[in-house]
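Open the model in your viewer and keep the selection panel at hand. Each stop gives a selection and then what is there.

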Amino acid sequence: MSYYHIKNLEQYFKHYNKSIREPRKFWGKIAEENFTWYQTWEKVMEFNMAEADIKWFLGAKVNIVKNCIDRHLSKRGSKTAIIFEPNDPSEEAQHITYNELHQRVCKMANVLREQGIKKGDRVCIYLPMIPELAITVLACARIGAIHSVVFAGFSASAVASRIDDSQCKMVITSDGAYRGNKSIELKSIVDEAIEKCPSVEKVLVAKRTHINITMKEGRDIWLQPLVDAASDNNVAEIMDAEDPLFILYTSGSTGKPKGMVHTTAGYMVQTAYSFKNVFNYEENDIHWCTADIGWITGHSYILYGPLLNGATTVIFEGVPSYPDFSRFWEVIEKHGVTQFYTAPTAIRALAKESLEYVQPYPLSSLKVIGSVGEPINEEAWHWYNDHVGGKRCPLVDTWWQTETGSIMISPLAFVTPTKPTYASLPLPGIQPVLMDEKRNEIEGNQVTGSLCIKFPWPSIARTIWGDHQRYKETYFSTFPGKYFTGDGALRDEVGYYRITGRVDDVIIVSGHNLGTAPIEDAINEHPAVAESAIVGFPHDIKGNALYGYIILKEIGETRDKNNVAKEINQLISDQIGPIAKLDKIQFVSGLPKTRSGKIMRRILRKIAEGDFSNFGDTTTLLNPEIVDEIKNGRV
Ligand code: WTA
């Protein structure tokens, strides 16, 4: 029996049970049957949770890019690997076949080697969503250089701290980037960043916007002439299973960003496996994940997961609102997209607009739609399900993290019955548990607690770059012997999981634990509300009280805000209980968000508390200007 593809619910439970009883046999068989290895492992896994020391496929030798590209060439050489959809819809899309991808990655790999990059060196990639981004990532992996992709929306100081932390030898960037009707001068951001980064020896520059930039003699080199001159004959590096594949920075609740280190074989096996099953991938599918490759979602489900399965994956340079709010639907029709994977924040933004943007598009090519990155509220779930999925495509609400490497809890399309706002069941190999404040495991169903994982899985990050102690403390010390996710979750009567939000977002009001997500769900059901965020603030009697920041829809402008506030509290009262009513409501025009769309609650909390002294690092905000507005409008 093969474990690679789960076809029905009965099989899911069978595979799941096997994966728990005999994890080594389960993953060993998947690894053996679905990948090519220079040499197989001596041991499937070894771990010590107390030391946060986890290893998979010990002793195996492999190259992930050989698995992503080379092994497909005999059967799928002329199949499209990457569809590049440019920002400007009038610019022609590109179709890159597996053969062409192979050639371009080999050339790029040779360029990197010629420029002095060796196995183990760190390369910072700061590029827009253009083919060169995929190609340079794969070229690094091919030669064993550790890629550190930094989202090309981060500011110079954020880039600098990331380059410096992992001592990157090289930066790969472009002259500029297009984003909707804006363009961004990426190279000048890099110039500013690396003033403070002595580790950087060379900067390779791709041409995209053709603006004038300054090239520093001896350091900066145009990429294309190097590629043109390079040979397409490249021998891949033989990597050890546990050699680092990449570093990806994620922000912690405190301190500087954490450089999560992922290693080669475990990441390869599990991203491929989860891609296949969550999206029910079949040979001729066209997969489109709208994330940026600068985030883990892009790493695992634009690049590695799809390519490992020999799939066709879409790389989209633009934004959902350009040239107008129908762009996503336009692109789905244009390329016959079968799997569409996006974030609740995008869904909510689109749901705010007129239905006329989506209704004219039949979207009949779609088979599966997915959500990732934050809890998807009930209203957004239904809008997505009804207007995009046409009530016929399973909506997979996928819970996972930068640290987990691949999807952990999610419906498997056409296998697991979906339930709105529920990430549902763990994938095989994943053992979630809920913990109470006394650090005991909570048994049974219809319970809530802190979400931990009690057994290692292949794609877990192995450490924080340069700071294993922090890795241990952040993830393995709160609940000894378990990996702590930082999220809270609820397990319903049938064992389905619903992620209720970060545990640090749980607010205790008069001794009652309240998750922010369900309250925000209730608020968002008000017809005038576009989006909301609630935080706790200290209260004399209740301990904490709730402060709501609320964005109204355009039509809400004409409403009496006092009435809306009353109606909102009535809704909360009806759905959750009077205990969850908001003490204070502030109407705002926007919320402080990170580039990946997450609300920076830390700032909202401080404002609610009336503490304007230190907002911490706001460099990762998409809209820093909103902070002053909110501060001035505090109620
Ligand atoms: C949240 C993104 C609810 C969660 C892949 C997690 C989610 C954090 C979901 C990780 C989901 C992600 N439902 N919450 N389906 N997916 N989250 O590292 O709080 O950018 O801990 O990884 O996003 O965010 P990260």
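The tour goes from the domains to helices, cysteines, salt bridges and backbone features.

**Stop 1: the two domains**

This is a predicted model. Colour residues 9-319 together with 398-489 as domain 1, and 510-632 as domain 2. Their centres, taken over C-alpha atoms, lie 33 Å apart. The contact between them draws on 11 residues of domain 1 and 7 residues of domain 2. Together the two domains bury about 580 Å², with 59% of that area on carbon and sulfur atoms. Now select Gly153, Phe154 and Trp295. These three supply 43% of the area that domain 1 buries against domain 2, more than any other three residues. How many salt bridges cross the interface of domain 1 and domain 2? The count there is 0.

**Stop 2: helix α2**

Select residues 23-34. This is helix α2, with 12 residues. From first C-alpha to last it reaches 17 Å, close to the expected 16 Å. Which residues of α2 are buried? Show Pro23, Phe26, Trp27, Gly28, Ile30, Ala31 and Asn34 as sticks. Then add the elements that cover them, among them α1 (9-21), β1 (43-48), β2 (53-58) and α10 (264-278). While looking down the axis, recall that an α-helix has 3.6 residues a turn, so residues three or four places apart point the same way.

**Stop 3: helices α7 and α8**

Go to helix α7, residues 156-165. Its buried residues are Ala156, Ala158, Val159, Ala160, Arg162 and Ile163. The cover over them includes β6 (122-126), β8 (170-174), α8 and β14 (244-250). Step just past the end of α7 to Gln167, where phi is positive, about 50 degrees.

Now pick Glu192, in helix α8 (residues 186-194). Its relative accessibility is 45%, so Glu192 counts as partly exposed. Draw a distance from its C-alpha to that of Ala156. The two are 36 residues apart in sequence, yet the C-alpha atoms are 6.0 Å apart.

**Stop 4: the cysteines**

Display the cysteine sulfurs. How many disulfides are there? The model has 0 disulfides. Start with Cys168. Its closest cysteine sulfur is in Cys124, 5.1 Å away, and that is too far for a bond. The cut-off for a disulfide is 2.5 Å between the sulfur atoms. Cys168 is buried, at 1% relative accessible area. Jump to Cys452: it too is buried, at 0%.

**Stop 5: salt bridges**

Side chains of opposite charge can pair when their charged atoms come close. The structure holds 37 salt bridges. Take these in turn:

- Lys66 and Asp70 pair at 3.4 Å, N to O. Lys66 is partly exposed at 27% relative accessible area, whereas Asp70 is buried at 17%.
- Lys258 and Glu403 pair at 4.0 Å, N to O. The partners are 145 residues apart: Lys258 is in strand β15 (residues 258-263), and Glu403 is in the loop between β20 (395-398) and β21 (432-435). Lys258 is buried at 6% relative accessible area, and Glu403 is buried at 8%.
- Lys593 and Glu531 form a salt bridge, with closest N and O atoms 2.9 Å apart. Lys593 sits in the loop between β31 (584-587) and α18 (601-609), and Glu531 in strand β29 (residues 529-539), so the pair ties together parts 62 residues apart in sequence. Are Lys593 and Glu531 buried or exposed? Both are buried.
- Lys187, Asp191, Arg219 and Asp220 come as a group, joined into one network by salt bridges that share partners.

**Stop 6: backbone features**

Most residues other than glycine have a negative phi, and most peptide bonds are trans. Look at the departures here.

Select Tyr322 and Pro323. The peptide bond between them is cis, with omega near -5 degrees. Pro323 lies in the loop between β17 (312-316) and α12 (327-335).

Next, return to the loop between β20 and β21. Phe414 is in this loop, and its phi is near 70 degrees. Ser424 is also found there, again with phi near 70 degrees. Toggle the surface on. Phe414 is partly exposed, at 49% relative accessible area. Ser424 is buried, at 0% relative accessibility.

Terms used
Residues are numbered from 1 along each chain as its sequence is written. This is a predicted model: local features need pLDDT of at least 70, side-chain atom pairs count only at pLDDT 80 or more; totals for chains, interfaces and linings use all residues. Side-chain values use heavy atoms; hydrogens and water are left out. Helices (H or I, at least four residues) and strands (E, at least two) are DSSP runs, numbered from the N terminus. The expected span of a helix is 1.5 Å times one less than its number of residues. Buried means under 20% relative accessible area, exposed over 50%, partly exposed in between (1.4 Å probe, protein chains only). Contact means heavy atoms within 4.5 Å. Domain bounds come from an automatic or database domain assignment. Buried area is the accessible area (1.4 Å probe) that two parts lose on being put together, summed over both. A salt bridge is a side-chain nitrogen of Lys or Arg within 4 Å of a carboxyl oxygen of Asp or Glu.
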